[in-house]
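Subject: Handover of a structure for your study

Dear colleague,

Please find below the structure that I am handing over to you. After it I set out what was found, beginning with the chain as a whole and then turning to single residues.

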Amino acid sequence: ATDFDAVELTGPVALVVGAEPAGLSETWAGVGVTPVAIPLLGLADSLNVSASAAVLFYEARRQRRAAQG
């Protein structure tokens, strides 16, 4: 997986998140699908799905705002 802040999120994208134990089904694998990771610091070893989605949406917003100049 690619770190979330290294993925291009300024164009049309679909952000799909799944539960950590099961992940996403094979439907979400293949060409055009980029698995991303959110590296964690400290003692935390996982984020819940809503926190993960919030991080990804914020990063998409940050990139889009930076691209606007």
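**Confidence and overall build**

Among the elements of the protein chain, helix H1 (residues 49-68) has the highest mean pLDDT, at 96, while strand E2 (residues 36-37) has the lowest, at 91. Please keep in mind that this is a predicted model. For the protein chain, the mean pLDDT is 91, and 100% of the residues reach 70 or more.

The secondary structure consists of one helix and two strands. Their order along the sequence gives the pattern β-β-α. The C-alpha trace of the protein chain spans about 40 × 35 × 20 Å along its principal axes.

How much of the protein chain is buried? Of its 69 residues, 13% are buried. The accessible surface of the chain amounts to about 5,300 Å², and carbon and sulfur atoms account for 57% of that surface.

Two further values describe the chain as a whole. If one takes the contacts between residues at least 6 apart in sequence, 77% of these contacts join residues at least 24 apart. As for charge, the chain carries 4 positive and 7 negative side chains, with 18 Å between the centres of the two sets.

**Four residues of helix H1**

The remaining findings concern Ser52, Val55, Glu59 and Gln63, which I take in the order of the sequence.

Ser52 has its place in helix H1. Is Ser52 buried or exposed? Its relative accessible area is 15%, and the limit for a buried residue is under 20%, so Ser52 counts as buried. Apart from neighbours within four places in sequence, Ser52 is in contact with Ile38 and Leu47. Ser52 and Ala1 are 51 residues apart in sequence, and their C-alpha atoms are 14 Å apart in space.

Val55 is also placed in helix H1. Why does Val55 count as partly exposed? The reason is its relative accessibility of 27%, because partly exposed covers the range between the buried limit of 20% and the exposed limit of 50%. When residues up to four places away in sequence are not counted, Val55 touches Phe4 and Ile38. Ile38 therefore appears in the contacts of Ser52 as well as in those of Val55. The C-alpha atoms of Val55 and Gly32 are separated by 21 Å, and the two residues are 23 apart along the chain.

Glu59 lies in helix H1. With a relative accessibility of 5%, under the 20% limit, Glu59 counts as buried. Which side chains form polar contacts with that of Glu59? One such contact, of 2.6 Å, joins Glu59 to the side chain of Arg62. Another, of 2.9 Å, joins Glu59 to the side chain of Gln63. Beyond residues up to four places away in sequence, Glu59 touches Phe4, Asp5 and Leu9.

Gln63, the partner of Glu59 in the second of these polar contacts, is likewise in helix H1. Gln63 has a relative accessible area of 10% and is therefore buried. Which residues does Gln63 touch, not counting those up to four places away in sequence? They are Phe4, Asp5, Val7, Glu8, Leu9 and Thr10.

**Reading the contacts together**

I suggest that you display Phe4 while following the contacts. Phe4 is touched by Val55, by Glu59 and by Gln63. Asp5 and Leu9 are each touched by Glu59 and by Gln63.

Yours faithfully,
A colleague

Terms used: Residues are numbered from 1 along each chain as its sequence is written. This is a predicted model: local features need pLDDT of at least 70, side-chain atom pairs count only at pLDDT 80 or more; totals for chains, interfaces and linings use all residues. Side-chain values use heavy atoms; hydrogens and water are left out. pLDDT is the predictor's confidence in each residue, from 0 to 100. Helices (H or I, at least four residues) and strands (E, at least two) are DSSP runs, numbered from the N terminus. Buried means under 20% relative accessible area, exposed over 50%, partly exposed in between (1.4 Å probe, protein chains only). Contact means heavy atoms within 4.5 Å. Accessible areas come from the Shrake-Rupley method with a 1.4 Å probe; for residues, only the protein chains shown count as cover. Lys and Arg count as positive and Asp and Glu as negative; His and the chain ends are not counted. The place of a charge is taken as NZ of Lys, CZ of Arg, CG of Asp or CD of Glu. A polar contact is a pair of N or O atoms within 3.5 Å; within protein, one must be able to donate a hydrogen and the other to accept it, and residues adjacent in sequence count only if both atoms are side-chain atoms.
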